[in-house]
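New to this one? Take a look at the chain below first, and then we'll walk through the main points together.

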Amino acid sequence: MGLTFHNIHIRSFLCFSLLLVLFSSCSIVNFTTVKNPPANKAFVFDNKIELKGNISKDEKKRLSEELINYWDDSLKVPKIQQFGVFYKIKNPPVFDSANITRTVALMNAYLNSQGYYYATYADSVKIDTVKEQIRAKINMRIQVGKNITIDSVSFALGDSTLQQLTKEKENSTLLKKGVPYTKGLISSELDRLVGLYRQNGYFLFTRDDIFAEADTTDPRLLELTLDPFKQAQLIAEAAKARRENPTWDITIFNRPITDSNRLKRYYIGQLYYYPETKMSDIPDSLLKRTDFLETHRRNMTIRYKKGLFNYRPLREHTFLRNGALYNENDYFKSINTLGQIGAWQQVDARPVIRGKD
């Protein structure tokens, strides 16, 4: 009895499924070829990371994918996938156990940046000889431990105006009690604060003027005791608490200021427009020229040669106002909006400090 199209389809599917099962049951190692391996020396054939810890599946997947990038260069496998299931390794590096130590340092630095300061590492190396090739397989087992969480946040800014401004916007902080600590989170908070200050007149304030400090001290260690056994007990309890529920207090400081102008609030003065600027003109030289004709409107001055542009479109697309505190958002918004008029190929602006104002 002949096979129907339906039966052929089913048999093809079953054969394909069986083929997939056979491929999946075999190790990727069996489908890997090596080109130009070092002669008579062990080379890096495979590396693997086993991540363990009481973390979510998504967090485990994220960390595992990132940690792959922190193998020392000499332990990375130059593996290329071919036809979906085959792999080729070309010019693999010679294996050197010293590179494992560097790898641990790199991976630990990354985990520290993600708030994992209590990770432990265990590595193992397996050497196999296959057709005169000496293959080294490195396995890195990492127990990540618990992630640091933020316990409290405070701001200790030496300038009273900065402190008040920070307190007014304290609800917008990214640092909340119970939130996992990461260096990226701290960096984002410092960027938020610098942006807040530069939107409120602090034109010269930069990231270099502010920093965050983490307090990891257990208050119990500050207890005064002359009993060495009691002191040892306090140290043991503090160490246990750090492992089981590690928390840090974060304080934001501003660095000592040597230039008082960095803590000065600047206001918008006169606005000058150069609508006939050529691409070949140098802005710094342009500002010093005195051969322009000028049109004055309130606190705005248009400097030109031919008078090709009117006052109103320039004013309507500018969000800086004379006498207002310098606001970096309004500064960039003005540049972008003026650039959308379409009359110019490029729009640029130069804030110029007038003496002490």
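Let's start with a charged residue: E294 comes out as partly exposed, at 36% relative accessibility. Its salt-bridge partner is R303, with the closest N and O atoms 2.8 Å apart. R303, for its part, is buried, because its relative accessible area is 16%, and the cut-off for buried is under 20%. Keep in mind that this is a predicted model. From here, the tour goes through the other salt bridges, then a sheet with its helices, and finally the nonpolar cores.

**Salt bridges**

- Side chains of opposite charge can pair when their charged atoms come close.
- The count for this model comes to 16 salt bridges.
- One of them joins the side chains of D72 and R102, at 3.2 Å from N to O. D72 sits in the loop between α2 and β3 (79-82), while R102 belongs to helix α3, so the pair ties together parts that are 30 residues apart in sequence.
- How accessible are the two partners? D72 counts as buried, at 11% relative accessibility, whereas R102 is partly exposed, with a relative accessible area of 43%.
- Another salt bridge pairs D151 with K177, and here the closest N and O atoms are 2.6 Å apart. This pair also links distant parts of the chain: D151 is in strand β7 (residues 149-156), and K177 is in the loop between α4 (160-168) and α5 (183-198), 26 residues away.
- D151 is partly exposed, with a relative accessible area of 28%, while K177 counts as exposed at 63%.
- There's a network too: salt bridges link D284, D348 and R350.

**A three-stranded sheet**

- Strands of a sheet pair through backbone hydrogen bonds, either parallel or antiparallel.
- Look for an open sheet of three strands, ordered β2-β6-β5, with mixed pairing.
- Why do β2 and β5 have a side without a neighbour in the sheet? β2 (42-52) and β5 (120-130) stand at the edges and have a single partner strand each, so one side of each is left free of a neighbour there.
- On average, neighbouring strands of this sheet are turned by 15 degrees against each other, ignoring direction.
- β2 and β6 (residues 133-143) run parallel and are joined by 10 bridges. To find a spot along this pairing, look for K48, which stands opposite N139 in β6.

**Helices on the sheet**

- Helix α2 (residues 57-67) lies across β2 and β6, and runs at about 160 degrees to β2.
- Helix α3 (residues 98-113) packs on the sheet as well, touching β2, β5 and β6. The direction of α3 makes about 30 degrees with that of β6.

**Nonpolar cores**

- The largest nonpolar core has 25 residues, and the members touching the most others are L67, F95, L111 and I142.
- Where does this core draw its residues from? β2, α2, α3 and β6 each supply at least two, and β2 gives the most, with six residues.
- For a close-up, try I142: leaving aside neighbours within four places in sequence, I142 is in contact with residues including I49, L51, L67, M107, L111 and Y121.
- Apart from this core lies another one, of 21 residues, with L185, F205, I210 and I252 among them.

Definitions and conventions. Residues are numbered from 1 along each chain as its sequence is written. This is a predicted model: local features need pLDDT of at least 70, side-chain atom pairs count only at pLDDT 80 or more; totals for chains, interfaces and linings use all residues. Side-chain values use heavy atoms; hydrogens and water are left out. Two strands pair if DSSP finds at least two bridges between them. Helices (H or I, at least four residues) and strands (E, at least two) are DSSP runs, numbered from the N terminus. Axes are lines fitted to C-alpha atoms, for helices over the stretch in contact, and angles run from 0 to 180 degrees between N-to-C directions. Contact means heavy atoms within 4.5 Å. A salt bridge is a side-chain nitrogen of Lys or Arg within 4 Å of a carboxyl oxygen of Asp or Glu. Buried means under 20% relative accessible area, exposed over 50%, partly exposed in between (1.4 Å probe, protein chains only). A nonpolar core is a set of buried Ala, Val, Leu, Ile, Met, Phe, Trp, Tyr and Cys residues joined through side-chain atoms within 4.5 Å.
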